[in-house]
Amino acid sequence: MSLETSLILFKPDAVAKNVVGTVLSRFEAEGFRIRGIKMLALSDEILAEHYSHIADKPFFPSVRGFMQESPVIALALEGENVIARVRDLLGPTDSKAAAAGTIRGDFGDKEGDAKMRNVCHASDSVEAAADELKRFFKEGEIFA
Ligand code: ADP
């Protein structure tokens, strides 16, 4: 077991559907601790960095537009093995393929943009989490 911090984003679909609190409750029920939380509008620049691994995909402009539909809520979430455990709680990228009981299975879009409108981003490795926490939180915005 290792104590980690993951960067979570509540995407604009989560904000529009009013399920941020419901999803956050699932994280708290797991015993994870909130170390930082903020609402922010994402610029083209921060999205180009955050999604550099999909920047050359044909769907990237749609993803950028989606992520700018409203401000998002960023969370620095701490816990034992939190990075893998949150990814498990989320389920796969495609909400349609996500099982009932997972966050994407329960709250993601089931039609249309099911691969895109999937409620939350969560860091997928310790290295990614370190980069992403720095990207979304300034010095002093994450608390011990
Ligand atoms: P994940 O967020 O599950 O780690 P990726 O890093 O592969 O997934 O993709 C980043 C985000 O881009 C996804 O969460 C989703 O919103 C969007 N996305 C991924 N694949 C597709 C696709 N084929 N069509 C539309 N949007 C996609």
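Two exercises on a predicted model follow, each with a worked solution. Residues are numbered from 1 along each chain as its sequence is written, and side-chain values use heavy atoms, without hydrogens and water. Local features need pLDDT of at least 70 and side-chain atom pairs pLDDT 80 or more, while totals for chains, interfaces and linings use all residues.

**Exercise 1.** Describe the fold of the chain and its compactness.

Solution.
1. List the elements: the chain has seven helices and four strands (DSSP runs, helices H or I of at least four residues, strands E of at least two, numbered from the N terminus).
2. Put them in sequence order: β-α-α-β-α-α-β-α-α-β-α.
3. Apply the globule rule (2.2 Å times the number of residues to the power 0.38; the radius of gyration is taken over C-alpha atoms). The radius of gyration is 14 Å, close to the 15 Å that the rule gives for 144 residues, so the chain is as compact as a globular protein of that length.
4. Add the burial: 46% of the 144 residues are buried (under 20% relative accessible area, 1.4 Å probe, protein chains only).

**Exercise 2.** Identify what lines the largest pocket.

Solution.
1. Count the lining: 23 residues, with Tyr51, His53, Ile54, Thr93 and His121 nearest the centre. (A pocket is an open set of points on a 1 Å grid over the protein atoms alone, where a 1.4 Å probe fits, with protein on both sides within 12 Å along at least five of seven lines; lining residues have an atom within 4 Å of a point.)
2. Assign elements: α3 (44–50), α4 (60–67), β4 (120–122) and α7 (126–136) each give two or more residues.
3. Pick the main contributor: α7 gives the most, with four residues.

Methods
Buried means under 20% relative accessible area, exposed over 50%, partly exposed in between (1.4 Å probe, protein chains only).
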